[in-house]
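Biologist: I've just opened this one and would like a close look at a single part, set against the whole. Could you pick a helix and walk me through what surrounds it?

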Amino acid sequence: MTKERFDSEMFYAGFPVFITLVKIGTEQILATTYSSSYMLDNWLVIGTGADGNTASHLKVGTKLSVNYLDAENGILADIAGLVSSRTRLSVLTEMGAELTEIDEIPILENGSVSIIGQIEKVVSMGGINHLFIKITDRFIDKSLLTDGKIDWGNMSALEYFGAQTERFYKAVSSDKKKKGQFLKESRKYDTRK
């Protein structure tokens, strides 16, 4: 075996980076960068720290947008994740973030994909909140659509990696293969006949 034990309290093996936007009251918008998530059917589950200003507003019934970023907008991920919450929104807009609203829910126009949903359930475990979000709408940048279908080769999603104290973003390659393509290609070279 060529593997060795790797002791680390955390390990992130490539999760899409996104900014959540939540409107509080009629004026205030909270923005935060996250990466821990998965989607199944019309459900999105996000893992977040249970502490902090934004976390205190992410409750059952909250409507929000989840805005996936491409590599060209990585600066926005850093701002939404690292700049003080008091000045975060103004710094985001100063650095080119374009916000609009759909049904009074703020979305980030700079993202490649925006998902709108409502938190239906929050499960707390060990200082982490797992937000179960029912997806109500999906929006995608027009440049990523060809004849009404997503052109996956042009999507350059930003992903989050890390272990121990090392954490970094990486752009996903534009290479793509359809599901089953690896198996199909391997049969060309099958010598077990």
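Modeller: Starting from the outside, the accessible surface of the protein comes to about 12800 Å², and carbon and sulfur atoms account for 52% of that area. Keep in mind that this is a predicted model. The C-alpha trace spans about 70 × 45 × 30 Å along its principal axes. Of the 193 residues, 34% are buried. The secondary structure adds up to 4 helices and 14 strands.

Let's zoom in on helix H2, residues 74-82. Its buried residues are Gly 74, Leu 76, Ala 77, Ile 79 and Ala 80. There's a simple bit of geometry to have in mind here: an α-helix makes a turn every 3.6 residues, so residues three or four places apart point the same way.

What do those buried residues of H2 pack against? Their partners include one helix, H3 (88-94). Strands are on the list too: E2 (18-24) and E3 (28-34), then E8 (105-108), and finally E13 (158-163) and E14 (166-171). Some of those partners sit a good way along the chain from H2, and the whole protein has plenty of contacts of that sort: among contacts between residues at least 6 apart in sequence, 59% join residues at least 24 apart.

Two of the strands in that list are worth following a little further. Take E3 to begin with: Ser 35 is found in the loop between E3 and strand E4 (37-40). Ser 35 counts as buried because its relative accessibility is 10%, and the cut-off for buried is under 20%. Leaving out residues up to four places away in sequence, Ser 35 touches Phe 15, Pro 16, Val 17, Phe 18 and Tyr 160.

Then there's E2, which brings in charge. The protein has 23 positive and 25 negative side chains, with the centres of the two sets 10 Å apart. For all those charges, the salt bridge count comes to 1. That one joins the side chains of Glu 101 and Lys 23, at 2.9 Å from N to O. The pair links distant parts of the chain, with Lys 23 in strand E2 and Glu 101 in strand E7 (residues 99-102), 78 residues apart. Glu 101 is partly exposed, with a relative accessible area of 41%, and Lys 23 is also partly exposed, at 23%.

Notes: Residues numbered from 1 in each chain as written. Predicted model: local features only at pLDDT ≥ 70, side-chain atom pairs only at ≥ 80, totals over all residues. Heavy atoms only, no water. Buried < 20%, exposed > 50% of the residue type's maximum accessible area, 1.4 Å probe, protein only. Helix = DSSP H or I, 4+ residues; strand = E, 2+ residues; numbered from the N terminus. Contact = heavy atoms within 4.5 Å. Areas by Shrake-Rupley, 256 points an atom, 1.4 Å probe, with all protein chains shown as cover. Lys, Arg positive; Asp, Glu negative; His and termini not counted. Charge placed at Lys NZ, Arg CZ, Asp CG, Glu CD. Salt bridge = Lys/Arg side-chain N within 4 Å of Asp/Glu carboxyl O.
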